[in-house]
Amino acid sequence: MKQLTLLVLTFFCMQFSSAQINEFGLYLGGSNFIGDVGATDYIAPSQLAIGAIYKWNRSTRHSYRISLTFSELEGIDKNSDDPSRQIRGLEFSNQIIELAAGIEFTFFDFNLHQGGFVSTPYIFTGVTATQHDNFYYNNLGEIQSEDSNSIAIGIPIVLGYKATISPSFVLALEVGARYIFSDELDGSVPDNSELESLSFGNLNNNDWYTFTGITLTYTFGKNPCYCGY
């Protein structure tokens, strides 16, 4: 009976030591769009991106993560290196709200209770849902609102580096591209099927956008249970 009790206590200690750390904080950075309108630079933040982020550190090597980010995607043909886009001269601005959820994996152990300075590179992936306005360009190249919005599903591919800056705060720098299963964010493909004739650009490639920024999170939760027998 004593051995069974010790086994059960050890099991719960292992669970608490790896599952009871939470992080909550803010995201601040910039966004840039990659699609059929504007420049095609992969990392060139031009518009403010701000949001909130929560992590549940399931172990020292991975976390479950959810975030909500607000930004504005902008595309300006004159800023492109493509001469044909410069001549075309289209531009747009589209406000977005992104909800992202997934798993963050660290390259090294990230134990918030070992004391001292702790840091590691990490990657994050999962799924995103991005709400955006619908619009299109008329034959004169002018933007026409469709008076509606859509939610586009995507996949985030994020690379970052995080470190403790105090016993309670973690600072991270990350760059993350979003591949979107939609080609409507820049108005090159109208949402209304009756306007399909006004579509343009590479219809075989969907839209992308990138967030580049920092997160500052506050850590809280139970300390690990160290069981000595």
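**Exercise 1. Locate serine 31 and describe its surroundings.**

*Solution.* Serine 31 is placed in strand S1, residues 21-34. Helices (H or I, at least four residues) and strands (E, at least two) are DSSP runs, numbered from the N terminus. The model is predicted: local features need pLDDT of at least 70, side-chain atom pairs count only at pLDDT 80 or more, and totals for chains, interfaces and linings use all residues. Residues are numbered from 1 along each chain as its sequence is written, and side-chain values use heavy atoms, with hydrogens and water left out.

The next step concerns exposure. Buried means under 20% relative accessible area, exposed over 50%, and partly exposed in between (1.4 Å probe, protein chains only). Serine 31 has a relative accessible area of 1%, so this residue is buried.

The last step concerns neighbours. With contact defined as heavy atoms within 4.5 Å, and residues up to four places away in sequence not counted, serine 31 touches several residues, including Ala44, Pro45, Ser71 and Phe211. The side chains of serine 31 and serine 71 are also joined by a polar contact of 2.8 Å. A polar contact is a pair of N or O atoms within 3.5 Å; within protein, one must be able to donate a hydrogen and the other to accept it, and residues adjacent in sequence count only if both atoms are side-chain atoms.

**Exercise 2. Describe the fold and the pairing of the strands.**

*Solution.* Begin with the inventory: the protein chain has two helices and eight strands. Along the sequence their pattern is α-β-β-β-α-β-β-β-β-β.

Then consider the pairing. Strands of a sheet pair through backbone hydrogen bonds, either parallel or antiparallel. Two strands count as paired if DSSP finds at least two bridges between them. Here eight strands close into a barrel in the order S1-S2-S3-S4-S5-S6-S7-S8, with antiparallel pairing. On average, neighbouring strands of this sheet are turned by 25° against each other, direction ignored. The axes behind such angles are lines fitted to C-alpha atoms, for helices over the stretch in contact, and angles run from 0 to 180 degrees between N-to-C directions.

As one example, strand S4 (residues 91-106) and strand S5 (residues 119-137) run antiparallel and are joined by eleven bridges. Isoleucine 103 has threonine 125 in S5 as its bridge partner.

**Exercise 3. Trace the salt bridges of glutamate 104 and aspartate 77.**

*Solution.* A salt bridge is a side-chain nitrogen of Lys or Arg within 4 Å of a carboxyl oxygen of Asp or Glu. By this rule there are seven salt bridges.

Take glutamate 104 with arginine 65: their closest N and O atoms are 2.8 Å apart. This pair links glutamate 104 in strand S4 to arginine 65 in strand S3 (residues 62-76), 39 residues apart. Both glutamate 104 and arginine 65 are buried.

Glutamate 104 also meets lysine 162 in a salt bridge of 2.6 Å, N to O. Lysine 162 lies in strand S6 (residues 143-166) and glutamate 104 in S4, so the pair ties together parts 58 residues apart in sequence. Lysine 162 counts as buried because its relative accessibility is 1%. Salt bridges that share partners join Lys55, Arg65, Glu104, Lys162 and Glu174 into one network.

Finally, aspartate 77 forms a salt bridge with arginine 88, the closest N and O atoms being 2.8 Å apart. Aspartate 77 lies in the loop between S3 and helix H2 (83-88) and arginine 88 in helix H2, so this pair ties together parts eleven residues apart in sequence. Aspartate 77 is buried, with a relative accessible area of 0%, whereas arginine 88, at 34%, is partly exposed.
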